[in-house]
Amino acid sequence: MTKLYFLLILALSLNLRAQDDLLAELEATSLPATEYTFATWKGTKVVNLQTNEMPGEGVLQYTILHRFGAFNQDFVYNFFGLDNAQVRLTLDYSPKEWLNVGLGHTGFLKTYDAFAKYRLTRQSKGEKNMPVSITGFSSVYFANQRFNDGLDRNPATRLSFVNELIIARKFTPNISAQIVPTLVHFNLVETPNDNNTIFALGLAARYKITKMHAITVEYVPQFNGNSYPVPGENGAAPSSEKFSNALSIGMDIETGGHVFQLFVTNAQGVAEPYVFAQNTGSWLEGDLHFGFNISRVFTIKKKK
Amino acid sequence: MKKTLFISLGLVFSLAVSAQKLSTRSAEVSFFSATPVENIDATNQQVSSILNLDNGQFAFLVPIKAFQFEKALMQEHFNENYMESGQFPTAKFTGEIANYKKISLDKDGRYTLVLAGTMTMHGVSKEIKQEVRITVKNGKLSLKSDFNILASDYGVEIPATKADNISNSLAVKVSATYD
């Protein structure tokens, strides 16, 4: 008898619970969805490396990149390096959600370039699980600087190429990192002993200190880097020195449609081939450059 | 005695079964922020809702990442900087419609009633009491409600430098047609 009463009460309470738990019911019946990671980085570049981010479909982006003169080159006289700044400008557009294409110009060697960035995978969880975002970046550079030696040159010798495979992961809302196998190819190098194709492995990480600010670090060690000649001082014989690996530390500041990136780097060439494989700046010798990347986006094609 | 108990037990269970629950997975929630500098408009069509006509209780579940903006960057900032949707992926709204007994699915009609409930988003819960317009047509019930909320009530801070672009007061529109 008591058992039956108990059942009755149970049934009643079940009924009441059913009313209260509409929300639980909704949560239980909601469709399994794939949740894609977004905003792994604030900008499309860390400092010199690309990130897996690209502007949304129908968005035009221009960036202005500056690398000031070095700390050890009459720094104050040159207005903190500003007077010796190297500049790069780019304009890119995303015709598709997964594709971004652009053009750039760099002051160093008067270089023109064209590039494409393409998304291969996106980090996601839920129905579809993907631990990393993988994005490809390919670009071709034409060094247009005049030669004053009167020799006839094939224009193809002015070309260089960079390919980056960006493997990025957002570990927490604040911490992201990426490894970037990078291949740099020069059609023409200084001596027959130099490598035309240089392999490097980019490493980068960021830590967000506030919602709008992040600290970034980037290092791009080369596996088979070339050397450059150094004239001997005081009559000594000329020697050669290895090109440096690019190391940069910076800060991202986001303000609506802009991302400002302020940093210190040992690479002044701005364009990828010169930064990754022809960098003569050394941290230890004080060849450090203030620099900034500024991006601005414009929505050309609205989503709806 | 035993018989009565069985009957009442059966009655209770059958009540539970006959509960008149309406549901939808394609309810819509939109919000609008107006400032002299720019207007921001976002719509979410992946809202799910249940309405129980036996007791007037309702629930809405809003996946934050499903809000669609005109500009991709706005959507990213909304999720990353304001709603922190990685941490707070859904907004919830549960409560009761007063005088729900007036609603009849058997004939076409319009009702303006009051709903009261709790809205939870960005980890903050707040009581809301609002007018709701309910329409019954051909046995289908649809619901609409417009109200304003303050972002600051839900711990969503708009920095001073963005105050010209983003309004703290947001006009929210909810509409649902139940299956």
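A nonpolar core is a set of buried Ala, Val, Leu, Ile, Met, Phe, Trp, Tyr and Cys residues joined through C-beta atoms within 7 Å, where a residue is buried if 20 or more other C-beta atoms, placed from the backbone, lie within 10 Å of its own. The structure above is a predicted model, in which local features need pLDDT (the predictor's confidence in each residue, from 0 to 100) of at least 70, side-chain atom pairs count only at pLDDT 80 or more, and totals for chains, interfaces and linings use all residues. Residues are numbered from 1 along each chain as its sequence is written, while chains are lettered from A and ligands numbered from 1 in the order in which they are written.

The largest nonpolar core has 32 residues, and among those that touch the most other members are Ile50(B), Phe58(B) and Ala59(B). Strand S3 (residues 57–63) of chain B, a strand being a DSSP run of E with at least two residues, numbered from the N terminus, gives the most to this core, with 5 residues. Leaving aside residues up to four places away in sequence, Ala59(B) touches Leu22(A), Leu23(A) and Leu26(A) as well as Ser49(B), Ile50(B) and Thr94(B), a contact meaning that two C-beta atoms, placed from the backbone, lie within 7 Å. Apart from this core lies another, of 28 residues, which include Val46(A) and Phe263(A).

Turning to chain A as a whole, the C-alpha trace spans about 110 × 35 × 35 Å along its principal axes, and buried residues make up 36% of its 304 residues.

As for confidence, chain B averages a pLDDT of 88, and the predictor gives the complex an ipTM of 0.75.

Key. Buried ≥ 20, exposed ≤ 12 C-beta atoms within 10 Å, placed from the backbone. Helix = DSSP H or I, 4+ residues; strand = E, 2+ residues; numbered from the N terminus.
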